[in-house]
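I opened my notebook today to get to know a new structure. Come along while I look things up, one entry at a time.

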Amino acid sequence: MKRIIIDKRNGWEYALKGDQYYPTGRVKRNGVMTPDEMPEDNEPEEVTIGRFGQRHLQYIRENKKGLYRKLCLAGNLDAYLYGIDLNAEALFSRLVKELAEKENVTEQLKADDQMLWVARMNNIRNRAEEIVNSEFVYV
């Protein structure tokens, strides 16, 4: 038996553990790949779905079962989650940067008082994460 297989319908990679195949969490970036599009080494282009995509997946599994089933049956779940994750991470990074500039949390503050800088940055990151969660994850 092969140690790793790729589902050509949806791009998911499965690894052999014991006598069963389990998903590895790696997927092809743009949905379904036909056999003639497969690279020579039979490895699809892989992406990792990050924290915001994983949180959204859990949310739609539990609260929006119709959307979850529709995406699974169409084979678009991985691309959908990847898009959510990319947009959420971009917003998060932008918010952290803007809030840090607005509140004057600079490298100079970091050099002068590291603990104050850490406290302020943690506060900024937590606020930015709450905004991203409300706009992308729990919608």
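In which sense do E1 and E2 pair, and over how many bridges? I found that E1 and E2 run antiparallel and share three bridges. I should say at once that I am reading a predicted model.

**Entry: the sheet**

I looked up which residue faces Ile6, and Glu13 of E2 stands opposite Ile6. Next I followed E2, residues 13-17, across to E3, residues 20-23, and noted an antiparallel pair joined by four bridges. One of the partners I checked was Tyr14, whose bridge partner in E3 is Pro23. Between E2 and E3 I came to a hairpin with two residues between the strands. There I noted that Gly18 has a positive phi near 70°.

Then I put the strands together. I get an open sheet of three strands in the order E1-E2-E3, with antiparallel pairing. E1, residues 4-6, and E3 are the edge strands, as each pairs on one side only. I also looked up the turn between neighbouring strands of this sheet, which is 35° on average with direction ignored. A reminder to myself: strands of a sheet pair through backbone hydrogen bonds, either parallel or antiparallel.

**Entry: two helices**

How do H1 and H2 pack against each other? I read an angle of about 115° between H1, residues 51-63, and H2, residues 65-74, and their axes lie 6 Å apart. Angles from 65 to 115 degrees count as roughly perpendicular, so I wrote down H1 and H2 as roughly perpendicular to each other.

I then listed who meets whom. From H1 come Leu57, Ile60, Arg61, Glu62 and Asn63, and from H2 come Lys65, Leu67, Tyr68 and Leu71. Sorted by class, this contact of H1 with H2 has five nonpolar, one polar and three charged residues.

**Entry: the cores**

Which residues touch the most other members of the largest nonpolar core? My list reads Phe52, Phe92, Val96, Val105, Met121, Ile124 and Val132, out of 16 residues in that core. The elements giving two or more residues to this core are H3, residues 77-102, and H5, residues 114-137. I noted that H3 gives the most, with seven residues.

I picked Met121 for another look. Leaving out residues up to four places away in sequence, Met121 touches Val96, Ala100 and Val105. Apart from this core I found another one, of seven residues, including Ile49, Leu57, Tyr59 and Ile60. I had already met Leu57 and Ile60 in the contact of H1 with H2.

How values were computed:
Residues are numbered from 1 along each chain as its sequence is written. This is a predicted model: local features need pLDDT of at least 70, side-chain atom pairs count only at pLDDT 80 or more; totals for chains, interfaces and linings use all residues. Side-chain values use heavy atoms; hydrogens and water are left out. A nonpolar core is a set of buried Ala, Val, Leu, Ile, Met, Phe, Trp, Tyr and Cys residues joined through side-chain atoms within 4.5 Å. Buried means under 20% relative accessible area, exposed over 50%, partly exposed in between (1.4 Å probe, protein chains only). Contact means heavy atoms within 4.5 Å. Two strands pair if DSSP finds at least two bridges between them. Axes are lines fitted to C-alpha atoms, for helices over the stretch in contact, and angles run from 0 to 180 degrees between N-to-C directions. Angles under 35 degrees count as roughly parallel, over 145 as roughly antiparallel, 65 to 115 as roughly perpendicular and the rest as oblique. Ala, Val, Leu, Ile, Met, Phe, Trp, Tyr, Cys and Pro count as nonpolar, Asp, Glu, Lys and Arg as charged, and the others, Gly among them, as polar.
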